[in-house]
Amino acid sequence: ASADTRARAAADMSAATAADARATRKQQRHAERRKQRDARKVQREEAELEAQRAVVEAIDDAATAPPLVSIVVLPTVAVSPLAAAHGHYANRTRHVVHVARRLMRTQTHAPLELVVVGVSDDAPCATLVPQFRHAPRCVDVPRSATRGDMRNAAARAAHGRYVTFSDDDAVYGAQRVAEQVRVLREAEG
């Protein structure tokens, strides 16, 4: 009986040792998988961080690069004293700034420069644009300015190779400037 008991004990011990060995190998596999998973996570995070750095550098480069296109946003009409007396077109500059903001957010072409023409009897343009990431050039013209005066003043303030004009009541697609630049470049050869 004692030999039998010893044999059973040895078999139980051998089974326990085998079970322990299997459990140890299983723990090692899990630890190795965790290590690999953590390493992949670190690689992904580093890649995302690098991509974010690249985006920030591209934005900074675009911000410091000379603009290829200057978008000029003009009030639709010069306001007559009679219209102003009746409250028509009040705060026209505020409206022009709002339209300019929307236009800059939607255009796909970069780098862009924004030139906003305001009527000096309204709030000065420069006081309405601090919310812009890259402040536009502001050109305030007297209420008596003609459309030609407005365009000329804006064109003088623009630094872009190309200048495109937009009225404050116009709606354009996101590809407008990109398409204009494409056509001009094709024409230049």
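**Strand pairing and nonpolar cores**

In this predicted model, strands β1 and β4 pair in the parallel sense over 6 bridges, and within this pairing the bridge partner of V69 in β4 is Y162. Along β4, which spans residues 162-167, the side chains alternate between two faces: Y162, T164 and S166 point to one face and are buried, whereas V163, F165 and D167 point to the other and are not buried.

The largest nonpolar core comprises 15 residues, and those with the most contacts inside it are V69, I71, V73, L114, V116, V177 and V181. At least two residues of this core are supplied by each of β1, α3 (92-106), β2 and α5 (176-188), with the largest share, 5 residues, coming from α3. The surroundings of I71 can be listed in detail: when its neighbours within four places in sequence are left aside, I71 is in contact with L103, M104, Q107, L112, E113, L114, V115, T164 and V177. A second, separate core is made up of 11 residues, including L74, V115, M150 and A154. In soluble globular proteins, nonpolar side chains tend to be buried together.

Helix α4, formed by residues 147-157, has M150, A153 and A154 as its buried residues. These residues cover an arc of only 95° around the helix axis and therefore lie on the same side of α4. The buried residues of α4 pack against three strands, namely β1 (69-74), β2 (112-119) and β3 (137-141).

Technical notes: Residues are numbered from 1 along each chain as its sequence is written. This is a predicted model: local features need pLDDT of at least 70, side-chain atom pairs count only at pLDDT 80 or more; totals for chains, interfaces and linings use all residues. Side-chain values use heavy atoms; hydrogens and water are left out. Buried means under 20% relative accessible area, exposed over 50%, partly exposed in between (1.4 Å probe, protein chains only). Helices (H or I, at least four residues) and strands (E, at least two) are DSSP runs, numbered from the N terminus. The arc is that of the directions from the helix axis to the C-beta atoms. Contact means heavy atoms within 4.5 Å. A nonpolar core is a set of buried Ala, Val, Leu, Ile, Met, Phe, Trp, Tyr and Cys residues joined through side-chain atoms within 4.5 Å. Two strands pair if DSSP finds at least two bridges between them.
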